[in-house]
Structure formats: C-alpha cells, structure tokens
Amino acid sequence: MDEMRDIPAPELVPVPEIQQPEAARRALLKGVALGAVTGAGLGTALSAAVSSAFLGQVAHAAPAASNSCVTPIKDIFTIARTAERLAVTFYSNGLQRAYRLGLTWREIAALEAALIEEQIHENFFAQAGGGVLTSEFSFPHGEETFENLRLFIETQQQLEGVFDSAFLSAVRELAQQNRPDLAQIAAQIATVEAEHRALGRFIGRLDPADNWAFSPVLVAKVGDAPALVQKAGYLNPRPGNRFVYHPVDTTDRGVTYRTPYAVACS
C-alpha cells in the first residue's frame with residue numbers, strides 16, 4: 001500500500017485509502033475513558049515549591065530581542081497553549097467516535113495517552129502565563145474527520161507536523177532570548193509531538209511509522225503558526241463545523257514525566 005505523502009504546506013494532501021482496522025470493543029467507547037490512578041514518574045518528583053518558582057520565572061521572562069524571526073516568549077506560550085487546546089479537541093472527538101473509526105482497544109489506549117499528554121502541555125502553558133487565542137476550532141473535513149479513518153489520520157499528521165515544527169522553532173527562538181531552560185522544555189514537548197505523529201502513522205498502517213530522519217521545521221518562527229493553521233482550515237469555526245475545547249481528566253497511571261524533568265548540571 002502506498003504511504004501517506006508528507007505535508008510540507010498548509011494545504012491538505014490527498015492520501016491513499018487506509019485499510020480500516022478491526023472494530024474496537026464497545027465497552028471502551030463510553031466517552032473518552034481515562035484511567036483513575038494518577039501517573040507516576042521521576043518528573044513528578046519535582047516539588048511544588050520548585051515548580052512554582054520555575055513558573056514564576058517563566059511568567060516574567062525577558063522580552064524578545066529585536067529580531068523579525070523571533071517571537072516574544074509570552075506570545076510563544078499563548079500560541080502553544082492554543083495549539084494544545086486544538087490537539088485536545090481533535091483527540092477528544094476522535095476517541096468519542098472510536099468505533100466509527102474502527103480503532104482497536106490498543107489504539108484507543110494509545111490515543112487516550114496522547115490526549116492526556118496534550119492536556120498536560122496545555123496546563124503547563126496556562127500555569128506559565130500563556131493566554132488563549134481561541135477555544136473554538138474547525139477541521140478541513142468537518143464532522144467527516146471523525147467518521148473516516150483516512151481523513152482522521154490525514155488531519156492528525158498535518159496537525160502534529162505543524163505542532164512539531166512550531167516547538168522546534170521555539171527551541172531556537174527561546175535560546176536566542178537567553179532562555180535555554182525554556183528551549184529545553186520546548187524540545188521535550190517537540191519529541192512527544194513527534195511520537196504522536198509516528199503513532200498516527202502506525203494506526204494508519206503507513207510504513208514506516210517513523211519515516212523522518214530529521215524533523216523538518218516548516219515555520220520560520222512560532223508567530224507564523226496561527227496563520228498557517230487558519231489557512232489550512234482549523235481556525236474557521238462555523239455552524240456545522242464548530243468544535244469547542246473542553247479540558248479532560250489527566251489521570252492515567254501509564255503517562256509519566258508529567259512536569260519538565262532534567263538532571264541538573266553540577
């Protein structure tokens with residue numbers, strides 16, 4: 001089977017038909033079923049005091065340097081938080097219609113983890129002082145996005161590709177603003193978005209699932225991302241194609257490293 005072509009631009013790219021996987025177990029389709037046990041991991045070992053102090057530094061980050069290819073830190077946080085809300089909205093709607101998409105129970109569990117990770121990221125940027133550009137979204141194929149696996153994966157690939165690009169650009173932009181600590185966090189998030197992209201390719205039976213040797217940076221700066229996403233059809237909510245962000249529960253014992261963690265250099 002031909003694999004999905006990479007998406008280098010905002011326009012959606014036609015994708016060969018994806019074989020529908022076996023039907024998911026109905027018992028797992030009662031909404032977006034999330035685990036009831038809070039996840040563990042070394043990341044959660046950070047104390048509340050340390051986390052609070054760190055976020056305080058983030059909220060009072062230095063202004064951007066005079067550079068047309070650098071987005072101010074506060075704007076990066078606002079754009080990132082809005083992107084995470086779009087991601088949560090996308091995965092929530094997909095999971096609510098998992099049976100129609102023909103997802104297996106393992107695929108549902110994997111997408112639930114991706115959903116939780118996106119919500120954790122949204123929470124982080126909210127605590128860091130990021131604003132919100134919008135909480136209402138649209139999708140290029142509207143409701144059909146969540147009725148057809150090919151369209152669902154095509155959309156997921158475009159979104160995760162843009163998210164990954166924006167966070168990789170943020171690494172450079174934050175470093176240029178003398179915030180290597182924030183640049184490292186942006187890189188930590190970018191690697192997770194790349195995992196989501198590979199997960200989508202695996203669910204879509206696209207071979208190989210991990211097909212990029214170097215993740216491309218498809219935006220010149222983070223500040224360009226909203227216009228790119230709007231042109232692609234994600235920021236144009238209207239009757240019949242309006243999807244509202246709703247936060248989800250992040251309790252899941254399988255998702256670890258829930259706060260930025262890095263071994264300190266002594």
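These are my notebook entries on a predicted model of a protein.

**Entry 1: overall layout.** I looked up the secondary structure and found 7 helices and 2 strands. Read from the N terminus, the elements follow the order α-α-α-α-β-α-α-α-β. I then took the contacts between residues at least 6 apart in sequence, and 85% of them join residues at least 24 apart.

**Entry 2: burial and surface.** The protein has 266 residues, and 47% of them count as buried. I noted an exposed area of about 12700 Å² for the protein. Carbon and sulfur atoms supply 56% of that area.

**Entry 3: helix α2.** I checked the length and the surroundings of this helix. Helix α2 covers residues 73-96, which is 24 residues. From its first C-alpha to its last, α2 reaches 35 Å, close to the 34 Å expected at 1.5 Å a residue. Is α2 enclosed by the rest of the structure or left open, and why? I found 21 of its 24 residues buried, so α2 is largely enclosed by the rest of the structure.

**Entry 4: the loop between α6 and α7.** Helix α6 spans 180-203 and α7 spans 225-231, and P208 has its place in the loop between them. I looked at the peptide bond that joins D207 and P208, and it is cis, with omega at about 0°. R205 also has its place in the loop between α6 and α7. Its phi is near 60°, a positive value in a residue other than glycine. R205 is partly exposed, because its relative accessible area of 35% falls between the limits of 20% for buried and 50% for exposed.

**Entry 5: the loop between α5 and α6.** I went on to N178, which lies in the loop between α5 (149-176) and α6. Phi of N178 is near 60°, again a positive value in a residue other than glycine. Is N178 buried or exposed? With a relative accessible area of 63%, N178 is exposed, since the limit for exposed is over 50%.

**Entry 6: a nonpolar surface patch.** Which residues form a nonpolar patch on the surface? I found Y257, Y261 and V263 there, with about 330 Å² of accessible area together. I followed up on V263, which lies in the segment after β2 (243-244). V263 has a relative accessible area of 70% and is therefore exposed. Patch residues need over 30% relative accessible area, so V263 at 70% meets that cut-off.

How values were computed. Residues numbered from 1 in each chain as written. Predicted model: local features only at pLDDT ≥ 70, side-chain atom pairs only at ≥ 80, totals over all residues. Heavy atoms only, no water. Patch = residues over 30% accessible without salt bridge, like charges linked within 9 Å, V, L, I, M, F, W, Y side chains within 5 Å. Areas by Shrake-Rupley, 256 points an atom, 1.4 Å probe, with all protein chains shown as cover. Salt bridge = Lys/Arg side-chain N within 4 Å of Asp/Glu carboxyl O. Helix = DSSP H or I, 4+ residues; strand = E, 2+ residues; numbered from the N terminus. Buried < 20%, exposed > 50% of the residue type's maximum accessible area, 1.4 Å probe, protein only. Contact = heavy atoms within 4.5 Å. Expected span 1.5 Å × (residues − 1).
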